[in-house]
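Grab a pencil and have a look at the chain below. The exercises come with worked solutions, so try each task before reading on.

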Amino acid sequence: MSSLQWYYSHKIIILTSLLVVSLPAVIAGACTCNDESEHRSKSEALKYKLSAIGAVLVSGGIGVSIPLLGRKIEALRPENDIFFIIKAFAAGVILATGFIHILPEAFDTLTSPCLSHNPWGKFPFAGFVAMVASIGTLMVDTIATSFYKKMHFNNIKQVNVDEEASDEHAGHVHIHTHATHGHAHGAAIPDNESGVLDLVRQRIISQVLELGIVVHSVVIGISLGASDSPDTVKTLLAALSCHQFFEGMGLGGCISQAKFKSLTTTVMTLFFSFTTPVGIAIGIGISNVYEENSPTALVVEGILNSASSGILIYMALVDLLAADFMNPRMQSNVRLQLGANISLLLGAGCMSFLAKWA
């Protein structure tokens with residue numbers, strides 16, 4: 001289990017580090033489509049940007065921490081019905097983020113008049129990249145789960161072989177004892193294996209989900225930080241604060257179910273909380289050379305947003321909603337089904353409304 005979290009944690013950190021280092025360099029370029037009518041004031045916008053760093057950091061931290069309080073607050077533990085309700089709301093938020101907020105923005109970016117018609121106007125690159133990202137997420141999900149499942153079974157087989165060899169050397173009396181123990185193990189192992197595999201699955205889900213959220217958070221943070229329009233920054237400040245809060249709840253629910261050790265949980269929580277503020281800080285630092293309508297900036301932002309939307313849509317539908325809504329516990333409880341469906345619609349509706357202002 002430690003090798004799994006080590007692998008995915010480092011994978012996320014490496015990918016995000018590359019993104020943070022390379023993005024400012026490739027998005028600088030000559031602007032050809034600026035809107036000169038928009039009010040711009042660097043000094044006034046900077047005040048709102050600094051406020052945004054604090055507001056987004058606090059709201060994201062609170063959002064991701066609420067589900068994690070289940071370790072101390074019994075009502076918020078994963079085995080309780082209220083957790084299904086909260087997770088359905090958060091999944092609705094993530095689903096609407098992908099469909100309503102990020103994907104349309106990616107389509108607008110990659111079909112901008114600032115880009116040449118050939119090839120950007122002749123092919124729906126945003127939808128294509130989102131589709132490829134979803135398929136890629138499925139492949140990572142399947143391969144990682146299969147790999148750790150085989151590794152777990154191989155460990156069990158090795159333990160059983162060692163036990164049998166030990167009993168054979170112990171004599172007839174111990175052989176009889178082993179037979180009894182073997183019978184007992186046969187009844188207990190399936191439950192244990194099922195629990196371990198479910199834990200592996202939850203850890204993979206939480207790591208991949210955080211990757212998708214982090215990519216988008218860096219991009220939108222840089223966009224806010226690089227803007228010199230006070231009106232734009234004020235609008236994004238309010239929208240992003242709510243956005244990070246709800247998105248954090250979805251991620252926090254997955255981290256809670258994954259049952260990571262305290263150190264890993266803390267690292268993942270801080271990593272999510274600081275990603276957008278770091279993106280804003282980078283945007284402030286490169287605001288003198290960043291041109292949001294330059295062809296290079298549009299292509300990079302559009303492709304990253306498309307990939308992020310594909311990851312989030314897959315995770316919300318397959319790993320969050322399908323897994324919970326097909327759970328025997330929910331299938332046998334009509335009240336829980338009704339509550340989860342209402343919560344899902346509320347979450348999707350809230351984020352769809354916020355997307356209008358983001």
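**Exercise 1: the layout**

In what order do the elements of the chain run from the N terminus on?

Step 1. Before you start, know that this is a predicted model, where local features need pLDDT of at least 70 and side-chain atom pairs count only at pLDDT 80 or more, while totals for chains, interfaces and linings use all residues. Residues are numbered from 1 along each chain as its sequence is written, and side-chain values use heavy atoms, with hydrogens and water left out.

Step 2. Helices (H or I, at least four residues) and strands (E, at least two) are DSSP runs, numbered from the N terminus.

Step 3. Read along the chain and you get α-α-α-α-α-α-α-α-α-α-α. That's 11 helices and 0 strands.

**Exercise 2: inside the fold**

Work out how much of the chain is buried, and which residues sit at the heart of the largest nonpolar core.

Step 1. Take the cut-offs: buried is under 20% relative accessible area, exposed is over 50%, and partly exposed is in between (1.4 Å probe, protein chains only). By that rule, 46% of the 358 residues are buried.

Step 2. Now the core, meaning a set of buried Ala, Val, Leu, Ile, Met, Phe, Trp, Tyr and Cys residues joined through side-chain atoms within 4.5 Å. The largest one has 36 residues, and L209, L251, I255, M315, L320 and F325 touch the most other members. Helices supplying at least two residues each include α2 (42-68), α3 (81-110) and α6 (172-226). The top contributor is α9, with 9 residues.

Step 3. Another core lies apart from this one: it has 10 residues, among them V56, I220, L224 and L240.

Step 4. Zoom in on L209, using contact in the sense of heavy atoms within 4.5 Å. Beyond its neighbours within four places in sequence, L209 is in contact with I94, G250, L251, C254, L312, M315 and L320.

**Exercise 3: charged pairs**

Find the salt bridges and say which parts of the chain each one ties together.

Step 1. Look for a side-chain nitrogen of Lys or Arg within 4 Å of a carboxyl oxygen of Asp or Glu. You should end up with 2 salt bridges.

Step 2. In one of them D81 pairs with R329, with the closest N and O atoms 2.8 Å apart. D81 belongs to helix α3 and R329 to helix α10 (residues 328-331), so this pair links parts 248 residues apart in sequence. D81 is partly exposed at 32% relative accessibility, and R329 is partly exposed at 33%.

Step 3. K87 and D324 also meet in a salt bridge, at 3.5 Å from N to O. With K87 in helix α3 and D324 in helix α9, the pair ties together parts 237 residues apart in sequence. Both K87 and D324 are buried.

**Exercise 4: out on the surface**

Which residues make the nonpolar surface patch of about 670 Å²?

Step 1. Pick nonpolar side chains (Val, Leu, Ile, Met, Phe, Trp, Tyr) with over 30% relative accessible area and no salt bridge, joined within 5 Å; in charged patches, like charges are joined within 9 Å. Areas come from the Shrake-Rupley method with a 1.4 Å probe, and for residues only the protein chains shown count as cover.

Step 2. You'll collect F123, F128, M131, V132, I135, M139 and I143.

Step 3. Check one member: I143 is in helix α5 (residues 125-170), and its 60% relative accessibility makes it exposed.
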